[in-house]
Amino acid sequence: MTPLWKPSDSFKTKSQLNAYIKWLDETHNLRFEDYDTLWQWSVTHIEAFWESIWHYFKITAHTPYHNVLSTQNMPNCRWFEGATLNYAEHIFKHYNANATAIYFNNELGVATKTSWKQLKLRVAAMADYLKSVGVTQGDCVAAFLPNTPEATIAFLATNAIGAIWSSTSPDFGTESVVSRFAQIKPKVLIAVDGYTYNGKPYDKIETVTAIVKQLSSLKETILVPYLNKLIPKDLPFNFTDINGIFSNTSSILKFQPVDFNHPIWVLYSSGTTGQPKAIVQSHGGILLEHYKYMAFHNDVKAGERYFWFTTTGWMMWNFLQSALLMGAVIVLYDGAPTYPKFDTLWALSERLNVAHFGTSAPYLVAHMKKNNTPKTKYTFSALRSISATGAPLPATAFKYVYNSIKEDVWLCSMAGGTDVCTAFVGGTAFKPVHAGELQCRALGVSLYAYNTHGETVYNELGEMVIDKPMPSMPIYFWNDPDNKRYLSSYFEVYSGKWRHGDFIKINSSTGGITIFGRSDATLNRHGIRIGTSEIYNAVHKIEAVEDALIVNLELDEGKHYMPLFIKLKPNIILDDALKAKINTQLKNDYSPRHVPDAIFEVKDIPYTISGKKMEAPVKKILLRMPLESAINLDAMRNPESVQFFIDFAKHI
């Protein structure tokens with residue numbers, strides 16, 4: 001394979017990874033000639049590797065750890081027991097009063113910058129306010145906010161006092177927000193009055209009112225005036241304007257040490273049934289993992305501008321905050337990525353001298369299909385890397401980046417998940433980039449492709465499996481007695497080993513990984529994972545619908561196709577009016593991402609004998625996998641229902 005890009009000797013020598021390798025040599029007498037031997041050591045000696053990360057990044061511990069790892073038996077292992085620390089404290093190690101910490105822009109042309117001094121003052125003020133209304137260590141603070149500096153400030157303040165953060169973006173509907181936050185019973189809600197998208201204003205006061213009414217645990221609501229300069233005073237609930245909190249400039253920022261395994265935040269994913277899974281990750285686990293990934297797989301350096309297009313409802317928002325651990329400047333953007341101009345984000349990158357540009361695979365594919373050539377408009381003199389995630393990036397899009405954006409840029413595409421808030425596979429400054437392949441398995445990630453017999457395979461399609469623990473794996477799911485949901489989500493297929501739910505192929509020659517999309521029924525909708533139960537909850541409100549099934553297909557060239565199949569009640573016709581009613585219900589209850597690409601009527605929905613809806617087998621059929629490996633007809637309650645999908649697959 002001819003690589004699209006090769007790191008120069010200078011690029012490798014100046015990399016954070018090379019500095020780490022030299023440190024291992026000087027302090028541990030460990031010598032590694034290439035990335036693959038380093039990776040092999042990191043997964044063979046996982047305790048030594050993660051302890052080296054602790055020492056290399058000079059973790060500030062208020063009490064020491066007495067062992068690195070309690071056991072390698074997942075998910076019952078505990079990391080760095082005895083240690084107490086604080087994530088936000090490590091962020092502020094890079095405090096430089098007059099230097100810029102955050103650049104913010106939105107689609108309306110608003111552009112601001114926040115200095116480290118301003119950031120510290122506002123985090124301190126917010127932390128003191130949260131404590132004043134009764135928030136203590138272990139309490140939850142929920143945010144219904146766009147990707148603005150206020151969200152970053154609120155997160156760091158929550159973290160500084162040892163409380164637990166959780167956020168969703170304001171394009172989520174009431175039911176979607178409540179189904180998440182009601183699980184964790186937050187004491188405080190920080191919410192926005194509204195936002196704009198594609199130039200259209202969306203007032204969210206009515207939604208916030210409904211959320212507040214349904215979250216009985218709330219002691220306080222903080223509102224952020226964003227759509228409007230002022231918030232109406234006659235709202236049907238008590239609230240505090242965030243600007244009043246920020247007017248306090250006398251608070252001193254203090255950091256509450258917490259146990260290494262203390263929750264840092266709650267993220268949300270979804271299974272095929274039931275409410276969204278509330279995934280809890282640890283303070284220390286995220287700290288170590290994000291230090292490792294930002295430095296060694298993204299090569300982020302102090303003073304560089306780090307951008308990722310995301311919302312607060314995607315784990316990449318949480319990941320983005322960790323660039324501050326490197327002393328980098330984070331660049332935030334709120335709004336549509338192609339408004340008011342199609343190349344708005346590229347223009348932003350040029351104007352702010354962004355060094356690391358992060359986005360979703362569909363964004364790059366959209367520019368490719370439009371034959372957009374940013375390199376003819378912008379020099380991108382500061383741009384060193386482009387990262388993409390959220391969906392598999394097709395080989396043609398890899399080539400597009402080098403042909404149309406920048407020929408000497410490092411394309412470090414990555415793949416991971418909300419489940420670990422990082423990437424299992426991604427980039428390295430030591431390897432070339434090949435079209436369609438992610439460069440490497442990340443350090444400390446013992447990842448392999450398994451065939452249907454549970455055997456490790458190379459150069460063929462297999463299940464992504466991680467067979468040793470990582471510090472950022474969930475410590476538990478919220479309200480999950482005996483870890484039942486946690487175990488069933490990852491460990492049911494291969495005992496004691498994490499099955500992630502992606503189809504992958506590992507190239508034995510290059511070490512690169514190709515991602516082929518989700519192997520389970522979770523809907524990966526342009527980087528946002530949606531539970532099928534959310535779709536069904538909304539659709540079943542439509543009187544005419546008897547039953548439904550939905551899948552999302554990752555097709556060639558980065559295309560996504562999410563059809564909804566519905567079984568109607570007798571004497572009902574599927575017309576445009578009914579389709580519009582279903583789409584409106586999905587959009588209002590949840591978000592525009594929940595709206596399917598098309599709706600089709602079927603005579604029956606496939607079920608197992610035990611009564612489970614068969615989304616994953618249907619997805620395999622629609623992806624034209626062999627019928628015998630896609631579905632077990634003998635285990636079905638209604639095997640005749642499958643024929644529709646077999647016929648349907650011929651026309652996709």
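# A guided tour, starting at serine 322

Begin by selecting serine 322, which, apart from its neighbours within four places in sequence, is in contact with Tyr87, His290 and Met294. The model on your screen is a predicted one, and the tour moves through it stop by stop. Serine 322 belongs to the loop between α12 (315–321) and β17 (329–334). Is serine 322 buried or exposed? At 0% relative accessibility, serine 322 counts as buried. If you now show the side chain of histidine 290 as well, you will find a polar contact of 2.5 Å between it and the side chain of serine 322.

**The seven-stranded sheet**

From the loop, follow the chain into β17, which takes its place in an open sheet of seven strands with the order β5-β4-β17-β16-β18-β19-β20 and mixed pairing. At the edges stand β5 (111–115) and β20 (410–411), and each has a single partner strand, so one side of each is left without a neighbour in the sheet. Within this sheet, select strand β18 (residues 354–360) together with strand β19 (residues 385–389), which pair in the parallel sense over five bridges. To see one of these positions, pick threonine 359, whose bridge partner in β19 is alanine 388.

Return to the β5 edge and add helix α6, which lies across β4 and β5 and runs at about 80° to β5.

**Aromatic pairs**

Next, colour the aromatic residues, since a search of the whole structure finds 60 aromatic pairs. A stacked example is formed by tryptophan 79 and phenylalanine 80, with 6.4 Å centre to centre and 25° between the planes. Tryptophan 79 is buried, with a relative accessible area of 3%, and phenylalanine 80, at 0% relative accessibility, counts as buried as well.

How are the rings of phenylalanine 92 and tryptophan 116 arranged? Their centres are 5.7 Å apart and their planes stand at 80°, so the pair is edge-to-face. This pair links distant parts of the chain, 24 residues apart, with phenylalanine 92 in the loop between α5 (87–91) and β4 (100–106) and tryptophan 116 in helix α6 (residues 116–132). Phenylalanine 92 counts as buried at 9% relative accessibility, and tryptophan 116 does so at 3%.

Now select Phe32, Trp41, Phe49, Trp50, Trp54, Tyr65, Trp79, Phe80 and Phe260 together, which ring pairs link into a cluster.

**Phenylalanine 32 and helix α3**

Stay with one member of that cluster, phenylalanine 32, which is found in the loop between α2 and α3. Phenylalanine 32 has a relative accessible area of 12% and is buried. Which residues does phenylalanine 32 contact, leaving aside its neighbours within four places in sequence? They are Ile21, Leu24, Thr37, Leu38 and Trp41. For isoleucine 21, which lies 11 residues away from phenylalanine 32 along the chain, the separation of the two C-alpha atoms is 6.9 Å.

Moving on along the chain, look at the start of α3, where a side-chain oxygen of aspartate 34 reaches to within 3.4 Å of the backbone nitrogen of aspartate 36. Helix α3 spans residues 35–44, and its buried residues are Tyr35, Leu38, Trp39, Trp41, Ser42 and Val43. Display the surroundings of these buried residues, and you will see that they pack against α2 (16–28), α4 (46–56), β23 (440–441) and β24 (447–450). Trp39 also deserves a selection of its own, as arginine 441 lies over the face of tryptophan 39, at 4.1 Å from the ring centre.

**The five-stranded sheet**

Strand β24 leads to the next stop, an open sheet of five strands with the order β25-β24-β26-β28-β29 and antiparallel pairing. Here β25 (456–457) and β29 (513–518) are the edge strands, each with a single partner strand, so one side of each is left without a neighbour in the sheet. Select strand β28 (residues 498–506) with β29, and you have two strands that run antiparallel and are joined by four bridges. Isoleucine 504 stands opposite isoleucine 515 in β29.

**Two last stops**

For a hairpin, go to β9 and β10, which have two residues between them; in the turn, asparagine 198 has a positive phi of about 55°. Strand β9 (residues 194–197) and strand β10 (residues 200–203) run antiparallel and are joined by four bridges, and tyrosine 197 has lysine 200 in β10 as its bridge partner.

Finish by selecting tyrosine 536 and lysine 613, where the charged end of lysine 613 sits over the ring of tyrosine 536, 3.7 Å from its centre.

Methods
Residues numbered from 1 in each chain as written. Predicted model: local features only at pLDDT ≥ 70, side-chain atom pairs only at ≥ 80, totals over all residues. Heavy atoms only, no water. Buried < 20%, exposed > 50% of the residue type's maximum accessible area, 1.4 Å probe, protein only. Contact = heavy atoms within 4.5 Å. Polar contact = N/O pair within 3.5 Å; in protein donor to acceptor, adjacent residues only side chain to side chain. Phe/Tyr/Trp six-rings, centres within 6.5 Å; stacked < 30°, edge-to-face > 60°. Lys NZ or Arg CZ within 6 Å of the ring centre and 35° of its normal. Pairing = 2+ DSSP bridges. Axes fitted to C-alpha atoms, helices over the stretch in contact; angles between N-to-C directions.
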